[in-house]
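Hello,

Here is the structure I promised to pass on to you. Have a look at it first, and then read on for what I found.

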Amino acid sequence: MLTAIGQSSAQYALRDPDVSLMLRVRADEPNAFEQLVLAYQQRLVNILLPMAGSREESEDIAQETFLRVYKARKSYHPKARFSTWLFTIANNLALNSIRAKKRRPQVPFINTESGHQQQFDIDKRLPDKKSQPEISIDNAELEQVIRKALDGLNERQRMAVVLNKYEDMNYNDIALVMGLTPKAIKSLLSRARVNLREALKNYIYMDGGPSAPSS
Amino acid sequence: MSNAEFPDEFREKEELYSSYLDGELTEEEARNFEATLASNPEERANFQAMKKTWEMLDYLPKPELTSSFTLRTMEKLAQVTNPFPVKKQLFTIGKILALAAGILILITSGFRAGTVFVGKSDNIEEELRKNLRFYENKKIYDLVENIEFLKKLDEPDLFGQDKSDL
């Protein structure tokens with residue numbers, strides 16, 4: 001096997017079983033690619049949903065990511081963990097999709113039963129945060145508030161957050177995925193946290209935690 | 001939010017909170033930071049708020065993947081890996097069928113031609129077998145040129161032995 005895949009590839013394959021799986025995909029081993037899809041489909045959609053905004057779109061990007069992986073299989077030479085390579089492709093596709101969406105005019109309206117259109121704005125359905133710091137909302141609403149706070153981050157901050165939070169990736173790995181330096185990632189995550197704290201400050205202590213700090 | 005909105009000191013402090021939460025500080029840096037938190041309630045409250053914000057992200061449910069996702073992905077892959085679209089595929093199948101038909105016609109014609117040839121050669125053999133005596137004596141017959149004359153020669157009246165000769 002060593003001569004067939006090269007020494008460094010073999011070393012990566014030993015450390016990361018998914019590298020080994022990808023090398024089997026590269027060798028056109030039957031069912032290897034399907035195994036790879038099954039292993040990563042949920043994780044990909046998890047990190048793509050906050051970027052894409054809808055399940056359909058995140059699944060489309062995830063699907064495209066897998067196809068790119070398959071097309072590039074013959075030129076695959078492991079240089080890091082497999083997930084790093086996969087998420088790099090996913091990140092690029094997600095950013096392209098967001099840019100394309102920005103170029104297209106968006107109409108953020110939803111249809112009402114009366115046939116009229118009404119602007120969709122979560123703030124209209126939630127209590128006024130300024131006038132009511134001690135508000136009470138259910139989990140579904142809280143979920144929407146958090147989602148909106150996440151959407152309020154710029155794309156880079158959002159990607160850094162999801163990779164760190166949901167994939168438990170360290171700064172070096174996130175830097176590899178996003179093509180930035182670990183220092184830049186440190187800064188991105190810090191600013192993202194500050195922005196989230198600002199957006200969620202009225203909701204932070206609603207889950208039975210300690211009272212809000214009096215700073 | 002741009003860097004300009006954060007004073008350097010504030011940014012450094014926030015980065016310290018963030019790096020501590022992510023386990024990106026060295027052991028010594030982490031110890032120093034913990035000591036600061038222990039001695040400064042305001043710092044501690046700010047840090048707790050950041051920690052709590054981060055934990056709130058756990059409220060977001062994981063998206064449920066469409067059940068057909070794997071199947072759709074593998075089907076799409078099959079389309080991509082197959083270099084011919086349906087129309088081209090049909091065209092190619094047509095070409096293959098035409099080629100096969102051509103080959104079949106050639107084989108059939110060859111077989112028929114062969115059969116005719118083999119049949120002819122069978123007839124020749126039969127003819128040779130029937131008239132073997134004729135072909136064996138053909139040289140003599142050619143010299144005689146007249147078959148009636150040859151038959152007469154064979155009659156005993158002409159060249160038969162006389163009783164008186166005995």
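Below are my notes on how the two chains meet and on two pairs of packed helices. Please keep in mind that this is a predicted model.

Let me start with the interface. Chain A puts 48 residues into the contact, and chain B puts in 43. About 4,600 Å² is buried between the two chains, with carbon and sulfur atoms giving 65% of that area. On the chain B side, W54(B), M56(B) and Y59(B) lose the most area to chain A, together 15% of what that side buries. There are also 4 salt bridges between the chains. K165(A) and D58(B) form a salt bridge, and their closest N and O atoms are 3.1 Å apart.

Next, a helix pair that spans the two chains. Helix α11 of chain A (residues 182-200) and helix α1 of chain B (residues 8-21) have axes that come within 9 Å and cross at roughly 100°. The helices α11(A) and α1(B) are therefore roughly perpendicular to each other. Sorted by class, the residues of this contact are 5 nonpolar, 4 polar and 6 charged. Among them are R193(A) and R197(A) from α11(A), and E14(B) and E15(B) from α1(B).

The other pair lies within chain A. The axes of α6 (residues 82-103) and α9 (residues 155-166) come within 11 Å and cross at roughly 145°, and the crossing is right-handed. From α6(A), the residues in contact are F87(A), N91(A), L95(A), I98(A) and K102(A), while α9(A) supplies E155(A), M159(A) and L163(A). That makes 5 nonpolar, 1 polar and 2 charged residues.

Happy exploring, and best wishes!

How values were computed:
Residues are numbered from 1 along each chain as its sequence is written. Chains are lettered from A and ligands numbered from 1 in the order in which they are written. This is a predicted model: local features need pLDDT of at least 70, side-chain atom pairs count only at pLDDT 80 or more; totals for chains, interfaces and linings use all residues. Side-chain values use heavy atoms; hydrogens and water are left out. Axes are lines fitted to C-alpha atoms, for helices over the stretch in contact, and angles run from 0 to 180 degrees between N-to-C directions. Helices (H or I, at least four residues) and strands (E, at least two) are DSSP runs, numbered from the N terminus. Angles under 35 degrees count as roughly parallel, over 145 as roughly antiparallel, 65 to 115 as roughly perpendicular and the rest as oblique. Contact means heavy atoms within 4.5 Å. Ala, Val, Leu, Ile, Met, Phe, Trp, Tyr, Cys and Pro count as nonpolar, Asp, Glu, Lys and Arg as charged, and the others, Gly among them, as polar. A crossing is left-handed if the near helix is turned anticlockwise from the far one by less than a right angle, and right-handed if clockwise. Buried area is the accessible area (1.4 Å probe) that two parts lose on being put together, summed over both. A salt bridge is a side-chain nitrogen of Lys or Arg within 4 Å of a carboxyl oxygen of Asp or Glu.
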